[in-house]
Amino acid sequence: TAAMLDLNFEAIGRPSCRGSEELVCQIARKREAVIMADFDGPGLAGAAALAERLAWGVARSVRVIAPGQGKDARAWVQSGATKNLILYQIRQAPYVVPNTAGPR
């Protein structure tokens, strides 16, 4: 979260890959949301679950990205990622479409 704030993104963090989902939903309501997933199994699974929930009428739009290098946003920025590079990756990411079975 701090790495994204340092690059002047509006960012919020979660205490774990599945934590504070309700609070994130409240903050993301009617916004364009981008989830920065940690690049590991639990991080990707947590991001997918949150994206699905946000896509069901909470956020205006939802995209999920993972760091292009390293496990998380901090490692990516430390390896040289810039705001423009991250914005490019966001623009390339597909919008999350909710599962037709409905929210879980």
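## A tour from Glu21 outward

Start by selecting Glu21, which you'll find in helix 2. Keep in mind as you click around that this is a predicted model.

Is Glu21 buried, exposed or partly exposed? Its relative accessible area is 21%, so Glu21 counts as partly exposed, given that buried means under 20%. Now show what touches it. Setting aside neighbours within four places in sequence, Glu21 is in contact with Arg14, Ala49, Leu50 and Arg53. For a sense of distance, add Pro42 to your selection: Glu21 and Pro42 are 21 residues apart in sequence, and their C-alphas are 15 Å apart in space.

Next, select the rest of helix 2, residues 21-28. Which residues of helix 2 are buried? Pick out Val24, Cys25 and Ala28. These three cover an arc of only 100° around the axis, so they end up on the same side of helix 2. Look at what lies over them: helix 3 is part of the cover. Before you leave, click on Lys30, just after helix 2, where phi is positive, at about 65°.

Now move to helix 3 by selecting residues 41-55. That's 15 residues, and from the first C-alpha to the last this helix reaches 21 Å, close to the 21 Å expected at 1.5 Å a residue.

What caps the N-terminal end of helix 3? Show the side chain of Asp40: one of its oxygens lies 2.7 Å from the backbone nitrogen of Gly43, capping that end. Beyond the other end, have a look at Gly57, which follows helix 3 and has a positive phi, near 80°.

Stay with helix 3 and colour its buried residues: Gly43, Gly46, Ala47, Ala49, Leu50, Ala51, Glu52, Leu54 and Ala55. Two of these names, Ala49 and Leu50, should ring a bell from the contacts of Glu21. What do the buried residues of helix 3 pack against? Turn on helix 2 again, then strand 1 (32-36) and strand 2 (61-65), and you have their packing partners.

From strand 2, pick Arg63 and show Tyr95 with it. The charged end of Arg63 sits over the ring of Tyr95, 3.9 Å from the ring's centre. For another charge over a ring, select Lys83 and Phe9: here the charged end of Lys83 sits 5.0 Å from the centre of the Phe9 ring.

Last stop: how many aromatic pairs are there, if the ring centres must lie within 6.5 Å? The count comes to zero.

Key:
Residues numbered from 1 in each chain as written. Predicted model: local features only at pLDDT ≥ 70, side-chain atom pairs only at ≥ 80, totals over all residues. Heavy atoms only, no water. Phe/Tyr/Trp six-rings, centres within 6.5 Å; stacked < 30°, edge-to-face > 60°. Lys NZ or Arg CZ within 6 Å of the ring centre and 35° of its normal. Helix = DSSP H or I, 4+ residues; strand = E, 2+ residues; numbered from the N terminus. Expected span 1.5 Å × (residues − 1). Buried < 20%, exposed > 50% of the residue type's maximum accessible area, 1.4 Å probe, protein only. Contact = heavy atoms within 4.5 Å. Polar contact = N/O pair within 3.5 Å; in protein donor to acceptor, adjacent residues only side chain to side chain. Arc of directions from axis to C-beta.
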